[in-house]
Amino acid sequence: MKKELTLRITPQEASDEKFYKPLVARKMNVKPEALTSIRVLRKSIDARQPQVYIQMQVEAYANIKPPEDKKVYFDYSNVENSEEVIVVGAGPAGLFAALRLIELGLKPIVIERGAEVSQRKRDVAKLNRNEGLNPESNYAFGEGGAGTFSDGKLYTRSQKRGDLRKLLEVLHFHGASNDILIDTHPHVGTDKLPAVIKNIRQTIINAGGQVLFNTKVADLIIDDCTVNGVVSSKGEKIFSKAVVLATGHSARDIYYLLNEKSIKLEPKTWAMGVRVEHPQDLIDQIQYHSPDGRGMYLPAASYSFTAQVEDRGVYSFCMCPGGFIVPAMTGEMEMVVNGMSPSRRNSPFANSGMVVEIQTDDIGDFRKYGAIGGIMYQQEVERLCYVNGGSGIIAPAQRLVDFVQGRLSYDLPDCSYVPGVVSSPLHFVLPDNISNRLRTGFKQFGKWANGYLSDDAIVLGTESRTSSPVRIPRDPVTFQHVQIAGLFPCGEGAGYAGGIASSAIDGEKCAEMVSVFLNHI
């Protein structure tokens, strides 16, 4: 007998099969010893009430031999002599576009401005020591893109635009843990992502594709409104009838290039704000409704807040339980922070972006620059936070309660940001449309989560790279740029995704449209 069952059980009961096996047996009306296998299909936490429960979907077998567990395998056939397609960017969108191109019988040439992941790890370690920024190899640029050094969150609202299950299975095939196939909110972890990314690169190379590191695209080869390839910053020309532009939202030089060539861009809404950090124990106590926190059987708690303040959304973004705050700038005179978590989420801190929706009307005089005005506004806010920080990449910071009350912090609590922090009046430094809405939003969140407005919480500026202020418009059917045939804007940088999962899904979709395009020319 085989049955799929849903269990609503305590965290302790969910922690080991020996606890939930009798419950499964009772639901199946058999003795526990009759059960031959219990496979967990899905698992989530319900912490809406004081008693926290684990919701588990299981597949149970009784008195029959269960089928063997089968890992999904992917057959990437050799495409070395197939038609070549340029993929600009080795982030989630670019890498998954490349894998899908191989499945479709096309040869990807992945061009990445930054370094391979091992060298990139050394570059970010140097940055964390405040020993200098490599503008081409950092937390944003390099193999794997910004997602490599992140929590590796894999949940998305864009399932209906693509196959999320396949995305998880591809990552699992390349070394991610079994948990990502089970957890409702799966994550890989910044400690495990580099190995997964390396394995994806090796798959591309083994199949006959190419991956070119430290190769920055400086121009597009365009003839009669049709793309024919790219030009590197070293002057090398690489030709192809199709170019997937998956450069990520921090590649501002690409937006400036397109703008200079009069290739259509569109302004879009995005968000900016601060990164807020609390002791993880405090977040556990709040979210699990217990002074004892998460106890032995629950993971580090996360949260998600959103509010409307003066017709703009104020919300948490990229919440990293048990994580760290890291420097995420890509150029000089920029102060940008982001968050990441290791797979075990075992840091004593919890951090999250807390951001305000920015619309075209909010950027003032920068509107005169047209579609790139949002980028220039973004850069100016980053510059303001840089000059109000400390030496190098020491970040401006403020106690959360002081930020809300509009006063300077005379001292600062412990913080996970390794380069260091310096007290700064961020409530004054940030533009009023961001600062005032954030302060109101924090007050609202403090009412919803008693204890959130803690003197032990700290805010750092600025959390500015949530998404792109620009969209590179594409035809909704062909996915090609509305003016340039063969150019496929893709992922976060093009304005069509917002995270690892949605970017990877968009990469696959673009690859499929490339195949359709090449089969009809």
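**Pockets, cavities and cores in the predicted model**

The second largest pocket has a volume of about 480 Å³. Its lining comprises 13 residues, and V40, D69, R165, L181 and I182 are the closest to the pocket centre. Two elements, β2 (35-46) and α5 (164-173), each contribute at least two residues to the lining of this pocket. By class, the lining of the second largest pocket holds six charged, five nonpolar and two polar residues. The model is predicted, and the values reported here are computed from it.

Enclosed spaces were examined next. Two cavities of 30 Å³ or more were counted. The largest cavity has a volume of about 100 Å³. The residues G91, P92, L95, F96, G144, G147, T148, L171, L193, I197, I200 and I500 line the largest cavity. Helices α3 (92-103) and α6 (193-206) each supply at least two of these lining residues. The lining of the largest cavity has eight nonpolar and four polar residues, and no charged ones.

The second largest cavity has a volume of about 40 Å³. Its lining is formed by P267, K268, W270, T360, I363, G370, G374 and P469. Here the residues divide into four nonpolar, three polar and one charged.

Attention then turned to the nonpolar cores. In soluble globular proteins, nonpolar side chains tend to be buried together. In this model, the largest nonpolar core has 77 residues. Within this core, V24, M354, Y417, L438, F442, Y452 and L460 touch the most other members. Apart from the largest core lies another, of 49 residues. V79, L167, F213 and A242 are among the members of this other core.

L438, one of the residues of the largest core that touch the most other members, was followed further. Neighbours within four places in sequence were set aside. L438 is then in contact with G273, V274, V314, M354, V355, V356, F403 and L430. One of these partners, M354, is itself among the residues that touch the most other members of the largest core.

A charged residue was also considered. R275 lies in strand β12, which spans residues 270-279. R275 counts as buried because its relative accessibility is 0%, and buried means under 20%. The side chain of R275 makes a polar contact with the side chain of N351, at 2.5 Å.

How values were computed. Residues are numbered from 1 along each chain as its sequence is written. This is a predicted model: local features need pLDDT of at least 70, side-chain atom pairs count only at pLDDT 80 or more; totals for chains, interfaces and linings use all residues. Side-chain values use heavy atoms; hydrogens and water are left out. A nonpolar core is a set of buried Ala, Val, Leu, Ile, Met, Phe, Trp, Tyr and Cys residues joined through side-chain atoms within 4.5 Å. Buried means under 20% relative accessible area, exposed over 50%, partly exposed in between (1.4 Å probe, protein chains only). Contact means heavy atoms within 4.5 Å. On a 1 Å grid over the protein atoms alone, a cavity is a set of points where a 1.4 Å probe fits but cannot get out, and a pocket is an open set with protein on both sides within 12 Å along at least five of seven lines; lining residues have an atom within 4 Å of a point. Grid points are joined across faces, edges and corners, and a volume is the space filled by probe spheres set on the points. Helices (H or I, at least four residues) and strands (E, at least two) are DSSP runs, numbered from the N terminus. Ala, Val, Leu, Ile, Met, Phe, Trp, Tyr, Cys and Pro count as nonpolar, Asp, Glu, Lys and Arg as charged, and the others, Gly among them, as polar. A polar contact is a pair of N or O atoms within 3.5 Å; within protein, one must be able to donate a hydrogen and the other to accept it, and residues adjacent in sequence count only if both atoms are side-chain atoms.
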